[in-house]
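Biologist: Let us go through this fold together. Please keep the answers short.

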Amino acid sequence: MLVVWLTSTFALWLAVELLPGLTADGPWPLLACTLVAGLVGVVVRPLMAELAAAVGWLAVALVAVVGQAVTTYVAMVLVPGISTTSFWSALAAAWLVAGVGTFLSWLTATATPESFTTSLLRSGRRHGPVPDPDVEGVLFVQLDGVPFEVMQWALQSGTMPTLRRWIDSGTHRLHEWRVQMPCTTPASQLGILHGSCAHVPAFRWWDRDLQRLLVANRPADARVIEDRVTNGRGLLADDGVSVSNLFSGDAPRSSMTMSRLELSRGSRETRRAFAWFMVRPDGLARALARTVAELGRERFQSVRQRRRQVQPRVHRSWTFAALRAFSNGLLRDLNTAVVADEMLKGTRAIYVDYVDYDEVAHHAGGLRIESLAALADLDEVLAVMERLAGAAPRRYRIVVLSDHGQVQGNPFSERFDVDLGGLCARLASEQVAAVEENVESWGRVGSLAGDLGTSGGPTSQAAGRVSRRVDRHTTGSPGEQGEEAAPLVVVGSGNLGLVYVKGQERLTLEQLHERWPALVPGLASHPGIGFIAVTSDEHGPLAIGAQGRHALATGQVEGVDPLAPFGAHAPGMLAAAMASPQAPDIYVNSMLDPETLEVAAFEDLVGSHGGFGGWQDHGMLVAPADLLAATPPIVGAEDLHRRLVGMLETLGHRRPVAGAEGPVQAGVPAQRTPATEQTPEQQVQQQAQQQAQP
């Protein structure tokens, strides 16, 4: 506090020297003015934050810009010996004080996780005592896309000292969990939060029921996906909150969560937490400085990759640089501010998704220096949360996990001069509607714009315009999707491709061969494709490669097993994916280089996930040692959901949820069909899950 006071005073003196409309009679009025400004801020900032939360995100932005000017101006009026000719001089002085103060704080080593924690504690509201302080809270922190092996490296290299300290002390253990197919955030998060991965064959797909493209990071589509599996007993159903996720986990409250944005446009809680943080000059300056720094860092790293001729690599555009600056700068701090507010409130369970590593890894590569540096930044976030827990009204247990891994490789189109849509069009001699552009990052912009808006008025209209622009990126333009008359829809999801024939029913291998004789053989024999998966009238689900095939129902292999390079778990997990009613007519998994363990993504990405190959199905979990046993191994997001629910039950969280069917059980997502009444597809799925167990 002393350092902040003195640096703010120096910054105000500098403003007096530089700004013609600002005068002071000596150093004592400057010291008094900065002191009074701090005291005035204690009273004024809460009022401005509450007003901004009620009005909308435009008011939040306005408060962030002029909030400190208001407190500085009031202090100048109250303190004799210092004066200003206009409010604009006060505004300029406030910005100068914030900028210089932040820079000097950095020079004096106060711009640390400790100072950020202090800022959050000063910015946060004081809540009353919780009714059950003896019940420990759980904070689930998802580090999006971090493979188990990369986490091991980070812990050994010193990149993540906070997490390493937890493990060395024995309070936490590092576990590996096997990610189901598809290895995507929608499937994993739906399984982790709701206990079921059903109906999610990729990140986006052609939905036979709706007869349109379904994209998981569009609010309306996320709601459809969640409604198909939820039964009110999700991971966060018992006084939980979902922060920056695709799905809610049945949480009573959500912030920047895709599936909840369509219910009521805008979250007052999100705006309030954001305003409380941004109304402070150090909060605003920190957010702006980190965002600009991330933009400059990305451009420098992109040029360095090109100069060094690093391979594999992809073009890293200014658009990606801006999206990375948003996700790894502003969004990271906003997520932390919302989590801080919920911890100080005593919320029982919090699940938050940090996309920093995944965002960088997609365009730089999961094993590159810049991607690993993102983990160091996330370790600082964990340090902040650890300190926040000390001020919370209940003790918090922190669980760190990833939803999937990552794998590197040059994109399919770069390797073979044709994308998957073009290849299918050539083999089938048909017009194809292809959607293969990466869209993950755009959805995060839309979630923030939607949740900072209000249900009416100009802020809602502005948020709507932003959301519509994001929708155009996430769904693709008509030219990218092809004409409506195209009978084939080809969708890329990392190194997993999906080929759909428009219609209500999935075509079998025999029907596909009758309509397009060259399509299946051409895909299976292509050097960029490891295997394809189809359903046969005679043999059931099949994995077909260039030199053999694998019958998933019986395990019979003819020729060379196309699934052998992808691990012993591949047949069972592929069979479970094929049993989904939303599975495509043809699943396409890219090749796997046996020497480099690289794949060929069907999107323009150097780091990808979706199918099999490399570490993309190697998830990690750092959990309290006393809440999770080391065995048995965790297989699939549904199994991980059951383990996490078991932690909550151990801590006394779970209770009957209003509207839920039957009593709350450990991770049981819905009433299961008895084995004697199962359909053939359900029997195959059950068999596949049993085969997937090590």
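**Sheet and core**

Modeller: An open sheet of eight strands runs in the order S8-S7-S9-S3-S10-S21-S4-S22, with mixed pairing. Strands (E, at least two residues) and helices (H or I, at least four) are DSSP runs numbered from the N terminus. Two strands pair if DSSP finds at least two bridges between them. This is a predicted model: local features need pLDDT of at least 70, side-chain atom pairs count only at pLDDT 80 or more, and totals for chains, interfaces and linings use all residues. Residues are numbered from 1 along each chain as its sequence is written, and side-chain values use heavy atoms, leaving out hydrogens and water.

Biologist: Which are the edge strands?

Modeller: An edge strand here pairs on one side only. The two are strand S8 (253-255) and strand S22 (634-635).

Biologist: Which residue in S9 does Ser242 stand opposite?

Modeller: Strand S7 (residues 240-243) pairs with strand S9 (residues 349-354) in the parallel sense, over four bridges. Opposite Ser242 in S9 stands Tyr351.

Biologist: At about what angle does helix H8 run to S9?

Modeller: Helix H8 (residues 185-194) lies across S3, S4, S9 and S10. Axes are lines fitted to C-alpha atoms, for helices over the stretch in contact (heavy atoms within 4.5 Å). Angles run from 0 to 180 degrees between N-to-C directions. For H8 and S9 the value is about 170 degrees.

Biologist: How many of the 694 residues, in percent, are buried?

Modeller: Buried means under 20% relative accessible area, with a 1.4 Å probe and protein chains only. In the protein chain, the buried share is 61%.

Key: Buried means under 20% relative accessible area, exposed over 50%, partly exposed in between (1.4 Å probe, protein chains only).
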